[in-house]
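Colleague: I want to see how each label on this model is earned. Take me through the reasoning, one label at a time.

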Number of protein chains: 2
Amino acid sequence: MSIEDKQKPQRNGRVTIRTVAAHAGVSVAAVSKVMRNAYGVSDALRARVTDAIETLAYRPSRAARGLRGRSFTIGVLLIDIRNPFLPEVIAGVNEVLGPSHYQAMIGVSDARVQLETSLIESMIDYKMDGLILVAPRLPSEILAKFAVQIPIVAVGYHNASASAFDTVNADDQRGAEIAVEALLACGYRDIEMLSLGERQGHAVSVVRQREIGFRRAMQRGGLGSSPAIGKIPIASPKREEAMRKFLSRKDRPRAVFCWSDLDAITLLSLAMEMGVRVPEDLAVIGYDNSSTAALGLVNLASIDQSGRELGQIATRALISRIEGRTASEHIFQIPSLVSRNSLTRSGNSTDR
Amino acid sequence: MSIEDKQKPQRNGRVTIRTVAAHAGVSVAAVSKVMRNAYGVSDALRARVTDAIETLAYRPSRAARGLRGRSFTIGVLLIDIRNPFLPEVIAGVNEVLGPSHYQAMIGVSDARVQLETSLIESMIDYKMDGLILVAPRLPSEILAKFAVQIPIVAVGYHNASASAFDTVNADDQRGAEIAVEALLACGYRDIEMLSLGERQGHAVSVVRQREIGFRRAMQRGGLGSSPAIGKIPIASPKREEAMRKFLSRKDRPRAVFCWSDLDAITLLSLAMEMGVRVPEDLAVIGYDNSSTAALGLVNLASIDQSGRELGQIATRALISRIEGRTASEHIFQIPSLVSRNSLTRSGNSTDR
DNA sequence: CGACGAATGTAGAACGTTCTCCATATAACG
DNA sequence: CGTTATATGGAGAACGTTCTACATTCGTCG
């Protein structure tokens, strides 16, 4: 009879930590200890509990875990899911997370500050163990405020002075310089940059960094103190319109550096439609080295910043922070040029 | 003094439901009721509580919610994040979820059954309210087993007899038929399909459905009882190799239908490299009408199944199921042809 | 005026973990 | 043999919600 008192579990189907404890003939606390492999567990006990977990196919409830301690989940926030660069980052994250006991949950903010905020809050409310923010839009002060509640690593967010969170970046200034240097090396002097519309990037965004690098390289090359930077809106009908206008300008430059392959590829396409030959009339170089750029049909020269690597590094940084590091880290990767036909006819089409 | 007894909250910084209750001078249960807008709340009470929530900037803990009741989160499982069709689905999901109080969390399975299983389990363990599985790899019996634990809607998964979960699909058989009919209408008779390697698709996958549709349309057109279907592996080096082999076959067909734009675009690119003219030597039609296909440079005719719409429909179905529906629904959308230059030179290049 | 039902609010038991103390057993040591 | 350290296991209080019962207050109606 006294045994039946204990038989309260099993009420609904779910196998809980209590079921496991009963099956193994030990206490709930013991099971918890084994799972967290905490101190003070004999081999015999561990074996018995492990067995019970196995046979019952027990899975700890993440919800309950989150309420009290670790949830073993990390949140990844993407600004946009259509930019092919971002999936690469995810791939890198998953590679590192795979062998660990952590899992990634992804949120997509669609570049809306409102949604970004609420997703971050949700992830905190889920008691996730840490966050990787990819190209967040929020200002540093806000991120810092979140960072006291949860470990944060920002990718594609240039703020090397942030002390509350880590950053992982490709050196976007250097990337832009490399692009300009490549154009100069091909003999082009009349160079412009096509960047992203004003409202889309704050000072710490990758876009603005690339503009800085562009300006510096142009000045260093002796090409004026304020080189031209055009702004392309992000929304679709206006976007193509702005590019068409650029392509039909009588004073169109000889070469153009686009902030992203996304724009560069569309530009290439419109150029073809409008009879502007690439690279004979206009040389184009993009950024991200997306898989579309690599297509023989497109053949777009591009700056490669390995999203996969950035994802891997960010994940490792986050885990080390979750496990106790408090000093902030700011990691830089150096991007590289992938030359293709949009740069010059002899562009190395068989890259890498 | 007796008041101070109650002052236990506020221990660490977090604003909990108890803080709100104290601030509004009501019970915890009352606050909970207001938030769930349950029955039996006066306007006065509601106002007071709403005020307190506002001033304290209270956010309910999702972790705690999940432990007891609704978590107001739905999980989305993607087979692969690099296929541009899938982000479209997410966009559709987010559009419907935006105005609601639900939020989406995304997991990426990378087409690995193991990972897919563990992600689904995690989502269940988080007590998410429902799941949208996009092109899952798991067999129906397993999905059915999961579906008793959590409402499930599968997208891109053909099993109209499943009674435990809903399915939302474009009619992939019909889509393939439309493709073949378009090729026939252009006068091509020597037609093959390039499909996905054997191990990649089970019977209910979209790929196999497209094969069925292809066969039926070919037979109906009087083109043999077992038309040729080539299989292209998914992994990168072998993939291009198989396509090159196809392109250099002496008995290469006059027209080809690819299971996905992903393959069709690579094929187009390799064809150009190898000097095979499209559509003069080879007509190509793809599937998904991805944004890359629409580029002037690529100009790939394709079957359009609006991923956005599928996402929207799936989300609405899931919500209705969460809110009580038990009978399963199996929804079909009819895809459409987007004609472009890869089909015939006069291919309507200015689509949509 | 008594009785009953509707409307409103509250107490308190879950939910499934983690983790801090404690209790006990065993070993070590003088 | 007593005393003290050390290893091992367990009890039970959180964590922040939801939600079922129940208590109270009114109105209404016969």
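Colleague: Which residues have the most contacts inside the largest nonpolar core?

Modeller: This is a predicted model, to begin with. The core in question has 58 residues. The ones with the most contacts inside it are Ile74(A), Val76(A), Ile132(A), Ile74(B), Val76(B) and Ile132(B).

Colleague: What does Val76(A) touch?

Modeller: Leave out residues up to four places away in sequence, and Val76(A) touches Ile90(A), Val93(A), Ala104(A), Met105(A), Ile106(A), Gly107(A), Met123(A), Ile132(A) and Val134(A). Contact here means heavy atoms within 4.5 Å. Ile132(A) is itself listed with the most contacts inside the core.

Colleague: Next, the sheet. Why are strand 7 and strand 12 of chain A said to stand at the edges?

Modeller: Start with the strand order in chain A, which is 7-6-8-9-10-12. This is an open sheet of six strands with mixed pairing. Strand 7 (229-232) and strand 12 (336-338) each have a single partner strand, so one side of each has no neighbour in the sheet. On average, neighbouring strands are turned by 25° against each other, direction ignored.

Colleague: How do you know that strand 8 and strand 9 of chain A pair?

Modeller: Pairing needs at least two bridges. Three bridges join strand 8 (residues 255-258) to strand 9 (residues 283-287) in chain A, and the two run parallel. One of the partner pairs is Ala255(A) with Ala283(A) in strand 9. The cut-off is met, so they count as paired.

Colleague: What packs on this sheet?

Modeller: Helix 9 (residues 172-185) of chain A does, touching strand 6 (191-196), strand 8, strand 9, strand 10 (301-304) and strand 12. The direction of helix 9 makes about 160° with that of strand 9. Helix 10 (residues 206-220) of chain A lies across strand 6, strand 7, strand 8 and strand 9. Helix 10 runs at about 170° to strand 6 of chain A.

Colleague: What makes the bond between Val278(A) and Pro279(A) notable?

Modeller: That peptide bond is cis, with omega about 5°. Pro279(A) sits in the loop between helix 12 (261-273) and strand 9 of chain A. Chain B has a cis bond between Val278(B) and Pro279(B), with omega about 5°.

Colleague: Ala135(A) has a positive phi, near 50°, and is not glycine. Is Ala135(A) buried or partly exposed?

Modeller: The relative accessible area of Ala135(A) is 21%. Buried means under 20%, and exposed means over 50%. Ala135(A) falls in between, so the label is partly exposed. The residue lies in the loop between strand 3 (130-134) and helix 8 (140-147) of chain A.

Colleague: And why is Asn289(B) called buried?

Modeller: Asn289(B) has a relative accessible area of 14%. That is under 20%, so the label is buried. Asn289(B) also has a positive phi, about 45°, although it is not a glycine. Its place is the loop between strand 9 and helix 13 (291-294) of chain B.

Colleague: Last, the two chains. What makes their relation that of a two-fold axis?

Modeller: A turn of 180° and a shift of 0.1 Å along the axis lay chain A on chain B, with an RMSD of 0.2 Å. That is the relation of a two-fold axis.

Colleague: How do you know that the copies meet through the same surface?

Modeller: 100% of the interface residues of chain A are also interface residues in chain B, so the copies meet through the same surface.

Methods:
Residues are numbered from 1 along each chain as its sequence is written. Chains are lettered from A and ligands numbered from 1 in the order in which they are written. This is a predicted model: local features need pLDDT of at least 70, side-chain atom pairs count only at pLDDT 80 or more; totals for chains, interfaces and linings use all residues. Side-chain values use heavy atoms; hydrogens and water are left out. Helices (H or I, at least four residues) and strands (E, at least two) are DSSP runs, numbered from the N terminus. Axes are lines fitted to C-alpha atoms, for helices over the stretch in contact, and angles run from 0 to 180 degrees between N-to-C directions. Buried means under 20% relative accessible area, exposed over 50%, partly exposed in between (1.4 Å probe, protein chains only). A nonpolar core is a set of buried Ala, Val, Leu, Ile, Met, Phe, Trp, Tyr and Cys residues joined through side-chain atoms within 4.5 Å. Copies are superposed by least squares on the C-alpha atoms of residues with pLDDT of at least 70 in both.
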